[in-house]
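Trainee: I am new to this structure. Could you show me how to read it, feature by feature?

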Amino acid sequence: MMRPLALVERLLQLVPVLFGIALVVFLMMQATPGDPVELMLGDALATPEQREALRRDMGLDRPLPERFLLFLGDALTLDFGQSFHHRRPVADVILERLPATIELTLAAMVIAIAVGVPLGVVAAVRRDGWIDRLATILGLAGVSMPGFWLGILLILLFSVQLGWLPVSGRIGFSGEVPPVTGFLLIDTLLAGRPQSFLEALRHLLLPAVTLGLAMAALLMRVTRTSMLEALRQDYVTFATAKGLPRRQVLIRHALRNALTPTVTVAAIETGTLLGGNMIVETVFGWPGLGRLVVEGIFTRNYPLVQAAVLLYAVTYVLLNLAADILQTVLNPKVRL
Amino acid sequence: MRSRIVAAALAAALPWAGAAAKELRVGYSADIVTLDPANHRSRVTEGAIHNMYDAVLTRTVDMKVVPELAESFRQIDAKTYEMRLRPGVKFHDGSELTVEDIVFTFDRLTKDGAMEGKTSPRKSLVGPVARTVPVDRLTVRFELSAPWPVFPAYLPFNQVVSKAYVEKVGSDGMATRPMGTGPFRFVEWRRGDSVIMERFPDYYGGAADIPPVGPARIDRVIFKIIPEPASRVAALLAGEVDLIDELPHHAIRQVEANPRTKVLKSNGTRSFFIDFNTTRPPFDKVKVRQAANHAVDRKLVIDRILSGLAVPLTTLISPDSFGYNPNLEPWRYDPALARKLLAEAGYPNGVDVTLDVDNPFKEQAEAVAAMLTQVGIRTKVQLWERTALTDLWKDPTRHDRHMFFRSWGDGALDPVGIFVPVLKTKDRGNFSGYANAEVDRLLTAADTEPDQAKRSEYYRKAQAIIREEAPLLFLWLPQDVYGASRKLVDWQPSPRGIVKLHRAALAD
């Protein structure tokens, strides 16, 4: 059951969590060695006054506590300051990159669920059969294979050897698709260009598979375990004894109950996908937020990294909340 | 008949429509942060922007400075330069380039707060320009507040913008919708993904000293960001891109072996060397420093660790640099001589020293350490975090470390950007503690000498002293390596690292 008040309570708990994250990220960025001004200017000719001017421009001449309070105050109004290197508002730079990341994450999630859940069910129902064995091996491989390595293997096979799929990017260069939602799969259809839609899909496939495979493996294992558990329950035996068709027993009685842990894991894993994005986006030249953050860390782009990590944190916490709410829907015994 | 006319009209309107369209794609290693030529400090960003914007002066592939938007350029006195504008140059919007645009461009770069309250981060690349003054319809004067003889060498870093256009679109517009006088005009910027440009048919032709002069020879150029080196190589091999920068060493053989691709290289602008702490034993003695310089087999390290992609250095100046002294004897690898010099310096039984390095250069430093150890300079390598090292070494009199493996980049290839900071007494990059009054005198004289031949002579003399006194262990200058399709012709990488594709062509 879900009480509306409980929801408000949970949302209020967000406040101290976000404050804590903001503080930690801020301090960690400051503690990382390397001066953004020196990194930007390198060995180049610049007078001390010019270096100082740039430091002032970046707001780095103020004392640390003051900078944190400024950052916090501005963040409340969703103003995250200027990105050092883009020299534009951080919020703008992040928003430009966000749709690409969301599109990739959703695609990976869809692949993971579409592959992981049915495979887990079949593996449990046909326990110790060949599908089960194959799924176990694939599951182990999926969880243990590092994303960057898998990505490069897929590129070498499908792009360089076979030439079926593109190496990088989101879409080809045949023409501009007017941005409406920022999601290319939707925008190409809105523009009435099925050809471009297919092209976007081709670009999406390899990165989404790379990103989604580990999650698919995990979902498969969780679903298999909980399905095995459910199949042993008395109500399943009873339903079978009643003479209900096998399919109905499996889906309505066993799977529905077995899905509860799967849903939780899926929601939390979607948060983990955001971290995996940093690697996959770099390998596939995907113009998303993950890559932006990686570059931001290397160039000590404090405002950009701080804002992005806060965004990740909010997403992660909200996904957890969503998992809890889904639990109450799937299992009325669970209360928020 | 009518359909034929329509077809002809179409062909005229779209000269690159159909099979003849030539599109060149560049797989680029780092992101392009803005398209405003005055609002960044990123060489890769400049590399892309420079295809849409030209500068007053440019450089040839062998780094000679020549006029580009200028018809002529001359120095009037130590603090005044004059350019005569090439008449009839058109911006991409059809308007004509005037002296007003030149003045505006340099005011925007040099005046505090000139960019809607902000100051250009490229200000230090213009030097002490105090005023930019129009003289007549085609002449502009640059008045400097102090002599700065490298002014012409730094002009290629700063591209010319349109006054009317900047005033119309503002800084936001400049960042996203560039409009210049370059060989290609802007089509689309997909953030984080690519910049697309097309040929500008009314291009004036580019620098008169760099043939062929004329519009670009390809119809479309795409800079596509592929940060992961393995993916960038894969994109080249799959034919998705025609040119990639930062080709990783391990992929060189693969790219060379492929019948459709080739490897291109040029000397870089970053010199590698080891600072000796000259303020304390044993490296306060010239002979010990000379011994170390003779103990390192540079060619072996270059061949084995750097895949042959570097040139050995005699001092810290690149062979492509202004003022390079070609008459100095390169350091001969001679362990016997090294041992002899070490004994003469008072260390017949050798000496124990430390070599500080940060992680990326560990392998090279260890190879050097092994060679030093062989002649009796028993070297222990210590790994540090880069920034910690820089802080520690800032003042060599205040620590008891011996050697620091590092590098210094100099994009303008003029000793002002490398010789002065690294070896002039107490300058900002002088970590060896080296101090030589004669070297200081020569460098200071060159700083303000308007006569370039005399300036060059000062630097040559200073290099001769450095070669003798060996305040550093001079190592090598790595090359920039590119991978390209064999179809790409008439393009050579330049030490500047700028991928300008004005003259490039694609063979069928």
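The dialogue below takes chain A, then a sheet, a helix pair and some backbone details.

Mentor: One point before we start. This is a predicted model.

Trainee: Let's begin with chain A. How many helices and strands does the secondary structure of chain A come to?

Mentor: It comes to 13 helices and 0 strands. From the N terminus on, every element in the run is therefore marked α.

Trainee: What does the C-alpha trace of chain A span along its principal axes?

Mentor: About 85 × 55 × 40 Å. Of its 336 residues, 39% count as buried. Now look at the contacts between residues at least 6 apart in sequence. In chain A, 73% of these join residues at least 24 apart.

Trainee: On to chain B. In what order do the 4 strands of the open sheet come?

Mentor: The order in chain B is β4-β5-β7-β6, with antiparallel pairing. An open sheet has edges, so look there next. Here β4 (70-77) and β6 (129-136) of chain B are the edge strands. Each has a single partner strand, so one side of each has no neighbour in the sheet. From one strand to the next, the twist averages 20°.

Trainee: Over how many bridges do β4(B) and β5 of chain B pair?

Mentor: Over 6 bridges, in the antiparallel sense. Strand β5 of chain B covers residues 80-85. To see the register, find B:Ala70, which stands opposite B:Leu85 in β5(B).

Trainee: Which helix lies across β5, β6 and β7 of chain B?

Mentor: Helix α3 of chain B, residues 99-110. Its direction is at about 175° to β6(B).

Trainee: Next, the helix pair. At what angle do α14 and α15 of chain B pack?

Mentor: At about 160°, with the axes 9 Å apart. Helix α14 of chain B spans residues 437-448, and α15 of chain B spans residues 452-469. An angle over 145 degrees counts as roughly antiparallel. That is why α14(B) and α15(B) are described as roughly antiparallel to each other. Their crossing is left-handed.

Trainee: Which residues of α14(B) and α15(B) meet?

Mentor: On the α14(B) side, they include B:Val439, B:Leu442 and B:Leu443. On the α15(B) side, B:Tyr458, B:Ala462 and B:Ile465 are among them. The residues of this contact divide into 10 nonpolar, no polar and 3 charged.

Trainee: Now the backbone. What sign does phi have in most residues other than glycine, and what form do most peptide bonds take?

Mentor: Phi is negative in most of those residues, and most peptide bonds are trans. Exceptions are worth a look. The bond from B:Pro211 to B:Pro212 is cis, with omega near -5°. B:Pro212 sits in the loop between β9 (194-199) and β10 (220-225) of chain B. A cis bond also joins B:Pro281 and B:Pro282, with omega about 0°. B:Pro282 belongs to the loop between β13 (270-276) and α8 (286-295) of chain B.

Trainee: Where does A:Leu78 lie, and is A:Leu78 buried or exposed?

Mentor: A:Leu78 is in the loop between α4 (64-76) and α5 (90-125) of chain A. Its phi is positive, near 60°. With 9 other C-beta atoms within 10 Å, A:Leu78 is exposed; the cut-off for that is 12 or fewer.

Trainee: What is the phi of B:Asp490?

Mentor: About 60°, a positive value although B:Asp490 is not a glycine. B:Asp490 lies in the loop between β20 (488-489) and β21 (505-506) of chain B. It has 13 other C-beta atoms within 10 Å, so B:Asp490 is partly exposed.

Technical notes
Residues numbered from 1 in each chain as written. Chains lettered and ligands numbered in written order. Predicted model: local features only at pLDDT ≥ 70, side-chain atom pairs only at ≥ 80, totals over all residues. Helix = DSSP H or I, 4+ residues; strand = E, 2+ residues; numbered from the N terminus. Buried ≥ 20, exposed ≤ 12 C-beta atoms within 10 Å, placed from the backbone. Contact = placed C-beta atoms within 7 Å. Axes fitted to C-alpha atoms, helices over the stretch in contact; angles between N-to-C directions. Parallel < 35°, antiparallel > 145°, perpendicular 65-115°, else oblique. Left-handed = near helix turned anticlockwise from the far one by under 90°. Nonpolar A, V, L, I, M, F, W, Y, C, P; charged D, E, K, R; others polar. Pairing = 2+ DSSP bridges.
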